[in-house]
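Reader: I have a model open in front of me. Please show me how to read its features, one by one.

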Amino acid sequence: MERILSGMRPTGQLHLGNYLGALKSWVDLQEEGYHCFYFIADWHALTTEYADPSQVAEYSMEIALDWMAAGLDPERSVLFLQSKVLEHAELHILLSMITPVSWLERNPTYKEIRQELKDKDLATYGFLGYPVLQAADILIYKAHYVPVGVDQLPHLELTREIARRFNHLYGPVFPEPKPKLTESPKVPGVDGRKMSKSYNNAIYLSDSPEEVWEKIRPMVTDTRRMRKTDPGEPEDCPVFDLHKALTPQDEREEIIQGCRRASIGCIECKRILYRHLMEQLDPIHERRGKFKAHPERIMEVIIEGSKRAKAEASVTMEEVRRAVKLWHP
Ligand code: SF4
């Protein structure tokens, strides 16, 4: 069975952007029969949250709840917590010995995130080195595929480069993981910028139907539509970006015509969007309610999943230690 590996940082509640951009495709991969390993990247959360890690543990459990609500099934996918599998840290150390600093400094997201999170001091060893930890996360399970959007391809390439360097120095241990290109639709927040908890513009998986509508109703639209009689251009409207991710093609065509001819109002257009969004969110809410009533079950899933992950990671680490020729009994 081919293996898939991916993870999420527990830095906040999951929102629609996380769902449409990653989680939905994770569920699809599980349904397609891949052997999936999905982890809560709590050590990665510390790269930016080290000064106040008080919420990381709570968000970790929230994420597990949202994953299961979205359809990840612990019977078929291994759902686990990174910090419960210490082998990730051991492999990280060994890989950090062979990774040139210049490879890390040229990582485009290194500069981008430092720019984005200006209020945090990210001039740390841990933040510069997070792609090495990421490589350890992937390689330790000898994953065949990593689900990525086109924009994340350079990250995976770095993991592949590290695997090549390790194999070159110590012998062939790691297969090079391949990208599994997933659809990564543009998901704007209610203010038109990228959906993000730090912009305070997100629709959360935990939002009630009323809260969802209260966020969609005042959403920014094409500024040309000052009045209902003014024609607009859907391609310049964030609401339409969400339609692209949620509304079937034929209905989208009608919206395009209606908007350009001013025969449909923005509220009506948002109602259509709301209907399609709730088609996705209703089953998630239903499952979320059931799981939320049994937090001990979520905890159990993560502990059990972490044990399964650890068993796999230990086998790889035995091989790695032997390859690096470190003494071991
Ligand atoms: S009708 Fe729809 S697509 Fe057109 S501007 Fe209004 S919300 Fe946007």
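**Reading the model**

Author: Start with lysine 142, which lies in the loop between helix 8 and strand 4 (145–148). Helices (H or I, at least four residues) and strands (E, at least two) are DSSP runs, numbered from the N terminus. This is a predicted model: local features need pLDDT of at least 70, side-chain atom pairs count only at pLDDT 80 or more, and totals for chains, interfaces and linings use all residues. Residues are numbered from 1 along each chain as its sequence is written, and side-chain values use heavy atoms, with hydrogens and water left out.

Reader: What is the phi of lysine 142?

Author: Phi is near 45 degrees, a positive value in a residue other than glycine. Lysine 325 also has a positive phi, about 65 degrees, and is not a glycine. That lysine 325 belongs to the segment after helix 14 (295–324).

Reader: Is lysine 142 buried, partly exposed or exposed?

Author: Use relative accessible area: buried is under 20%, exposed is over 50%, and partly exposed is in between (1.4 Å probe, protein chains only). Lysine 142 has 23%, so it is partly exposed. Lysine 325 has 71%, so it is exposed.

Reader: How do I read the span of a helix?

Author: The expected span is 1.5 Å times one less than the number of residues. Take helix 3 (residues 56–70), with 15 residues. From its first C-alpha to its last it reaches 21 Å, close to the 21 Å expected. Glycine 71 follows helix 3, and its phi is positive, near 120 degrees.

Reader: How many residues of helix 3 are buried?

Author: Twelve of the 15, so helix 3 is mostly covered. Among them are Tyr59, Glu62, Asp66 and Trp67.

Reader: Now the empty spaces. How do a cavity and a pocket differ?

Author: Both are found on a 1 Å grid over the protein atoms alone. A cavity is a set of points where a 1.4 Å probe fits but cannot get out. A pocket is an open set with protein on both sides within 12 Å along at least five of seven lines. Lining residues have an atom within 4 Å of a point. Points are joined across faces, edges and corners, and a volume is the space filled by probe spheres set on them.

Reader: What is the volume of the second largest pocket?

Author: About 310 Å³. Of its 15 lining residues, His92, Ser96, Tyr125, Gly126 and Gly129 are the closest to its centre. Helices that each supply at least two lining residues include helix 4 (87–98) and helix 8 (130–139).

Reader: And the largest cavity: what is its volume?

Author: About 100 Å³. Its lining includes Asp222, Arg225, Cys259 and Lys270. Helix 13 gives the largest share, three residues.

Reader: What classes of residue line the two spaces?

Author: Ala, Val, Leu, Ile, Met, Phe, Trp, Tyr, Cys and Pro count as nonpolar, Asp, Glu, Lys and Arg as charged, and the others, Gly among them, as polar. The second largest pocket has nine nonpolar, six polar and no charged residues in its lining. The largest cavity has eight nonpolar, one polar and three charged.

Reader: Where does a charge sit over a ring?

Author: Look for NZ of Lys or CZ of Arg within 6 Å of the ring centre and within 35 degrees of the ring normal. The charged end of lysine 180 sits over the ring of tyrosine 145, 4.6 Å from its centre. Arginine 193 lies over the face of tyrosine 199, at 4.1 Å from the ring centre.
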